[in-house]
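Hi,

Here is the structure I promised to pass on. Have a look at it first, and then read my notes below.

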Amino acid sequence: MNATDYFFEHTSGLEKTFLEGRESISFKELHSEVVNLASWIRAEVGTAKHIIILSVNNLFFLKTYLAVIKSGNVCIPLDPRIEKENFDYIAGLTKPDMILLTDDILRRLPLGDLRYVLPSDIAEFGDHHVSDFITDTDIDECAEIIFTSGSTGEPKGVMISHRNLISNTASIVEYLNLTAGDRVLVVLPLYYCYGLSLLHTHLRVGGSIVFNNSFMFLGKVFKDLVDYKCTGFAGIPSHF
């Protein structure tokens with residue numbers, strides 16, 4: 001089972017708002033746009049390719065993150081303030097077929113010959129092709145790679161499967177007894193597993209999220225503090 005399908009399993013048709021605040025979108029709208037974008041990504045690069053995302057917490061990140069996983073490719077979300085040295089190291093290691101990023105990051109971070117896609121490039125897409133997703137995703141395939149910050153050496157990547165994401169989400173939902181009535185203020189960065197778990201769980205149960213990037217620096221400090229203990233999601237992760 002594809003992890004994105006699991007997140008939307010009971011919520012894809014909801015008219016309720018999922019993301020609230022300066023940017024907003026309903027579950028139904030988000031699901032439709034994610035599938036459209038996933039179809040386009042698959043047509044452009046195929047499957048099982050590495051795709052990097054560089055963005056702060058926003059609607060662009062939501063759409064691209066879920067779409068890359070849905071497309072059957074490997075999502076690599078990175079700190080949008082990443083130093084060029086660390087970016088070059090990760091790009092050289094993973095050899096991404098596509099980089100999804102916002103304009104401000106492109107102005108700061110030279111990408112050379114790497115292929116990139118901006119929000120304006122994906123603003124309009126037609127209806128998705130259902131035939132693109134007839135074959136289900138192998139649950140043990142890698143869905144994403146989460147990298148440490150590299151503050152204590154070279155960045156290390158943890159390979160996380162669709163099964164890991166699904167198991168982790170189910171475990172948190174059960175332990176915290178999350179429901180559609182829950183709404184969470186997301187201040188942790190979504191390029192790291194703790195922030196992503198808020199996205200996964202509330203998407204699964206029909207709750208809502210609100211982004212507040214004012215505390216993103218604290219999220220970065222928190223990430224650095226726990227990097228050396230990073231164990232990914234449920235299950236035993238392998239390292240890239």
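Which residues have the most contacts inside the largest nonpolar core? They are Leu62, Tyr65 and Ile209, in a core of 49 residues. Keep in mind as you read that this is a predicted model.

Helix 3 (residues 59-70) gives this core its largest share, nine residues. If you want one residue to click on, try Leu62: leaving aside residues up to four places away in sequence, Leu62 touches Phe18, Leu19, Leu190, Leu199, Ile209 and Phe211. There is also a second core, separate from that one, with 17 residues, including Ile76, Ile90, Ile105 and Ile145. As background, nonpolar side chains in soluble globular proteins tend to be buried together.

Next, the strands. Two of the residues that Leu62 touches, Ile209 and Phe211, point the same way from strand 10 (residues 208-211), while Ser208 and Val210 point the other way. Are these four buried or exposed? All of them are buried.

Strand 10 also has partners:

- Strand 1 (residues 17-20) runs parallel to strand 10 and is joined to it by two bridges. Here Glu20 has Val210 as its bridge partner.
- Strand 9 (residues 183-186) is parallel to strand 10 too, with four bridges between them. Arg183 is the residue opposite Ser208.

How does the chain get from strand 9 to strand 10? It goes through helix 7 (residues 193-205), and this β-α-β crossover is right-handed. Try tracing it on screen.

Last, the rings. A pair of aromatic rings is described by the distance of the centres and the angle of the planes. How many aromatic pairs are there? The count is four, and here are two of them.

Tyr6 and Phe7 form an edge-to-face pair, because their planes are at 65° with the ring centres 6.3 Å apart; over 60 degrees counts as edge-to-face. Both Tyr6 and Phe7 are buried. Tyr6 has another partner as well: the charged end of Arg204 sits over its ring, 3.8 Å from the centre.

The other pair is Phe18 with Phe27. Their ring centres are 5.0 Å apart and their planes are at 55°, so this pair is tilted. Phe18 and Phe27 are both buried, and Phe18 is also one of the residues that Leu62 touches.

Have fun clicking around!

Key. Residues numbered from 1 in each chain as written. Predicted model: local features only at pLDDT ≥ 70, side-chain atom pairs only at ≥ 80, totals over all residues. Heavy atoms only, no water. Core = buried A, V, L, I, M, F, W, Y, C linked by side-chain atoms within 4.5 Å. Buried < 20%, exposed > 50% of the residue type's maximum accessible area, 1.4 Å probe, protein only. Contact = heavy atoms within 4.5 Å. Pairing = 2+ DSSP bridges. Right-handed = clockwise from strand over helix to strand, strands pointing away. Phe/Tyr/Trp six-rings, centres within 6.5 Å; stacked < 30°, edge-to-face > 60°. Lys NZ or Arg CZ within 6 Å of the ring centre and 35° of its normal.
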